[in-house]
Amino acid sequence: MATERNPIRHKTHWAEDSKQLPNLPNEINVEILLRLPVKSLLRFRCACKSWCSSISDPKFVKTHLSLASSNPSYTHQRLLITNDPLCDIKSCSISSIMRHEQSVTAVGVDYPFVPKRFWIEATCDGLVCVHTDKKTIFLWNPSTKKSRKLPSITIPYDWSPACGLGYDTSTDDYKVVLVFNGGSNRDYHRNKVAVYALRADSWRRIADCPHSIPMAGKGKFVSGALHWTVSGSSSVELIVSLDLAKETYGEVLQPDYNSDGVFLSTMDVLSGYLCMLCRQWRNHGVHVDLWVMKEYGIRESWTKLVAVHDVTHPLYYLYGENFTPKCILNNGDVLMVVRMCLVRYNPNNGKFSYPKICGVFPNYSVYPYIESLVSP
């Protein structure tokens, strides 16, 4: 008697294994989606209506941004690399720099603006503020490839305005701030200020800044406020702040440098902290120090993170504008750009490594940003 070989009546093991998996509760699906990179989420919006609805929800966007910002592996953190002011933008992940100290590869980034020249002014929550040579300002998300051309605004005096980008928690809105110098001798120390609100998609004037902010100064966003360094009455520069919620001005005290000589200071943001880079000329040599404000607004919380006092050290002869800190890695290393080269510094043992970024021009600028779904 012949053996029956009907594949329908006699299921094989592979057929049993191919049974449809049980559907996960939507809450579990959302928790998984929240931890995925933006590139995957953009694809998964097409998977089904429920996923598309979840990923597009403003609450999902905020939660995804929060989780990405606190990820200890820097999975969603990237560096935007450009040879300003030429039209070339590339990107590489910070996590790859953490894993590979020798070299990382940068990839090209598509951008929507097509002028001959542009400058990156600031980044915030994945949004990038770009100023073109046509006096046009864009808000652009490199991760989602979405952008917005801001309404035109009259820029007086042919001078490059100071610019800043930040988030207003009171209105759940992103704001771009332009500061114009007064122009005349009478108004030279007062700056005209215009604020663009993303939700209203319009510019408006606010109270003049009582300090003279340098032309083309890039505002640094920390703790709900934009910050610029301005010349004070003493040799020490002031830090003036603009609270984006109250739209009021204030001052932040710099570290107690104990300076007994001429020095140069540069302000920046390092992993969410306000920081000051100070290069001092003293009788016995030059000191290069990097200070970080661990608790915003508390002068006593300024902490010296990097101190170079050795004349044989490669950082010894650097000016502030040639030495820009970018972020603090999860092992405590400081990632910085020195003489237009990427440098990784370990504050504990004082050792330096020099990871190479492949595929970029020699003279480049670096801007840390986070992959997010925030829409301009």
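Which residues lie nearest the centre of the second largest pocket? I looked this up in what is a predicted model, and found that Pro-58, Val-61, Leu-373, Val-374 and Ser-375 lie nearest the centre, out of 23 residues that line the pocket.

**Entry 1, the pocket.** I noted that the second largest pocket holds about 560 Å³ of space. Going through its lining by element, I found that helix 4 (49–56), helix 5 (58–69), strand 8 (146–149) and strand 10 (173–181) are the elements that give two or more residues each. Helix 5 gives the most, with four residues. I then sorted the lining by class and recorded eleven nonpolar, four polar and eight charged residues.

**Entry 2, helix 5.** Since helix 5 gives the most to that lining, I turned to its geometry. Its twelve residues, at 1.5 Å a residue, should span 16 Å, and the end C-alpha atoms are 17 Å apart, which agrees. I listed Phe-60, Val-61, His-64, Leu-65 and Ala-68 as the buried residues of helix 5. Viewed down the axis of helix 5, these buried residues fall within an arc of 135 degrees, so they line one face of the helix. As a reminder to myself, an α-helix has 3.6 residues a turn, so residues three or four places apart point the same way. On the face of helix 5 turned away from the buried side I found the exposed residues Pro-58 and Lys-59. Pro-58 is thus a residue I have now met twice, once among those nearest the pocket centre and once as an exposed residue of helix 5, while Val-61 is listed both near that centre and among the buried residues of the helix.

What covers the buried residues of helix 5? I found that the cover includes helix 2 (26–33), helix 3 (38–44), helix 4, strand 1 (77–82), strand 10 and strand 26 (365–370).

**Entry 3, helix 2.** Because helix 2 had appeared in that cover, I checked it from its own side. Asn-29, Val-30 and Leu-33 are the buried residues of helix 2. They cover an arc of only 100 degrees around the axis, which puts them on the same side of helix 2. I noted that these buried residues pack against helix 3, helix 4 and helix 5.

**Entry 4, the second largest cavity.** The structure holds two cavities of 30 Å³ or more, and I looked at the second largest, in which about 30 Å³ of space lies. Its lining is made of Ser-160, Pro-161, Ala-162, Val-179, Phe-180, Asn-181, Asn-191, Ile-213, Pro-214 and Met-215. By class I recorded seven nonpolar, three polar and no charged residues in this lining. Strand 10 gives the most to the lining of this cavity, with three residues, and strand 10 is also one of the elements that give two or more residues to the lining of the second largest pocket.

**Entry 5, two positive phi values.** I kept in mind that most residues other than glycine have a negative phi. Asp-172, however, has a phi near 55 degrees, a positive value in a residue other than glycine. I placed Asp-172 in the loop between strand 9 (162–168) and strand 10.

Is Asp-172 buried or partly exposed? Its relative accessibility is 25%, so I counted Asp-172 as partly exposed.

Ser-223 is not a glycine either, and I noted for it a positive phi of about 55 degrees. Ser-223 lies in the loop between strand 13 (220–222) and strand 14 (225–230).

**Entry 6, two buried strand residues.** I looked up Tyr-196 in strand 11 (residues 191–197) and found it buried, with a relative accessible area of 0%. Leaving aside neighbours within four places in sequence, Tyr-196 is in contact with Leu-139, Arg-148, Leu-150, Pro-151, Tyr-174, Lys-175, Val-176, Asp-201, Ser-202 and Trp-203. I also noted that the C-alpha atoms of Tyr-196 and Leu-178, 18 residues apart along the chain, are separated by 8.4 Å.

Leu-270, in strand 17 (residues 263–270), is likewise buried, with a relative accessible area of 0%. Not counting residues up to four places away in sequence, I found that Leu-270 touches Cys-275, Leu-290, Val-292, Leu-305, Pro-325, Lys-326, Cys-327, Ile-328 and Val-334. Leu-270 and Leu-335 are 65 residues apart in sequence, and I read their C-alpha to C-alpha separation as 9.2 Å.

**Entry 7, the whole chain.** I closed with the totals, and recorded six helices and 26 strands in the protein chain. Of its 376 residues, 47% are buried. Among contacts between residues at least 6 apart in sequence, 48% join residues at least 24 apart.

How values were computed: Residues are numbered from 1 along each chain as its sequence is written. This is a predicted model: local features need pLDDT of at least 70, side-chain atom pairs count only at pLDDT 80 or more; totals for chains, interfaces and linings use all residues. Side-chain values use heavy atoms; hydrogens and water are left out. On a 1 Å grid over the protein atoms alone, a cavity is a set of points where a 1.4 Å probe fits but cannot get out, and a pocket is an open set with protein on both sides within 12 Å along at least five of seven lines; lining residues have an atom within 4 Å of a point. Grid points are joined across faces, edges and corners, and a volume is the space filled by probe spheres set on the points. Ala, Val, Leu, Ile, Met, Phe, Trp, Tyr, Cys and Pro count as nonpolar, Asp, Glu, Lys and Arg as charged, and the others, Gly among them, as polar. The expected span of a helix is 1.5 Å times one less than its number of residues. Buried means under 20% relative accessible area, exposed over 50%, partly exposed in between (1.4 Å probe, protein chains only). The arc is that of the directions from the helix axis to the C-beta atoms. Contact means heavy atoms within 4.5 Å.
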